[in-house]
Amino acid sequence: MKSDDPMRSIEDEDVCRVCGYTDGDLFFEDTWPTHIICSCCGWESGTPPLDVSGTRQYRGYWTGQGAEWFSRGARPKDWDLLKQLRNIPEDWR
């Protein structure tokens, strides 16, 4: 959540729970999934995995397969996987 945005709720999430990617779009708004697909790992908010264990498994599979970008054109030239993974919300690590 961006604390400087008065329109966002504390329950909004703009960081992918799987890979830590953010472009400002909301994955969850007031705890409700928005069903957007992460440009990085391809996870769609509101679809399995919905618990921490399943999220970790998906993350492990994605990284184990080379952490390929779902939308290849969206990958920044200076992308750093380890730096991005540190963005994952603490409850989902």
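1. Tyr 61 counts as exposed in this predicted model, because its relative accessibility is 56%, and exposure requires a value over 50%. The residue belongs to helix H1, which spans residues 52-64. Between Tyr 61 and Ile 10 the C-alpha to C-alpha distance is 30 Å, with 51 residues separating them in sequence.

2. Turning to ring contacts, the structure holds four aromatic pairs. One of them joins Phe 27 and Trp 43 in a stacked arrangement, with 6.4 Å from centre to centre and 20° between the planes. This pair links distant parts of the chain, since Phe 27 sits in the segment before strand S1 (28-29) and Trp 43 in the loop between strand S2 (32-33) and H1, 16 residues apart. Phe 27 counts as buried because its relative accessibility is 3%, and Trp 43, at 2%, likewise counts as buried.

3. The rings of Trp 69 and Trp 79 have centres 5.5 Å apart and planes at 85°, and the pair is therefore edge-to-face. Both residues are placed in the loop between H1 and helix H2 (81-85), so that the pair ties together parts ten residues apart in sequence. Trp 69 is buried at 5% relative accessibility, and Trp 79 is also buried, at a relative accessible area of 17%, where the cut-off for burial is under 20%.

4. Ring pairs also bring Tyr 21 into a cluster with Trp 69 and Trp 79.

5. A contact of another kind involves Arg 17, whose charged end sits over the ring of Phe 28, at 3.9 Å from the ring centre.

Note on methods
Residues numbered from 1 in each chain as written. Predicted model: local features only at pLDDT ≥ 70, side-chain atom pairs only at ≥ 80, totals over all residues. Heavy atoms only, no water. Helix = DSSP H or I, 4+ residues; strand = E, 2+ residues; numbered from the N terminus. Buried < 20%, exposed > 50% of the residue type's maximum accessible area, 1.4 Å probe, protein only. Phe/Tyr/Trp six-rings, centres within 6.5 Å; stacked < 30°, edge-to-face > 60°. Lys NZ or Arg CZ within 6 Å of the ring centre and 35° of its normal.
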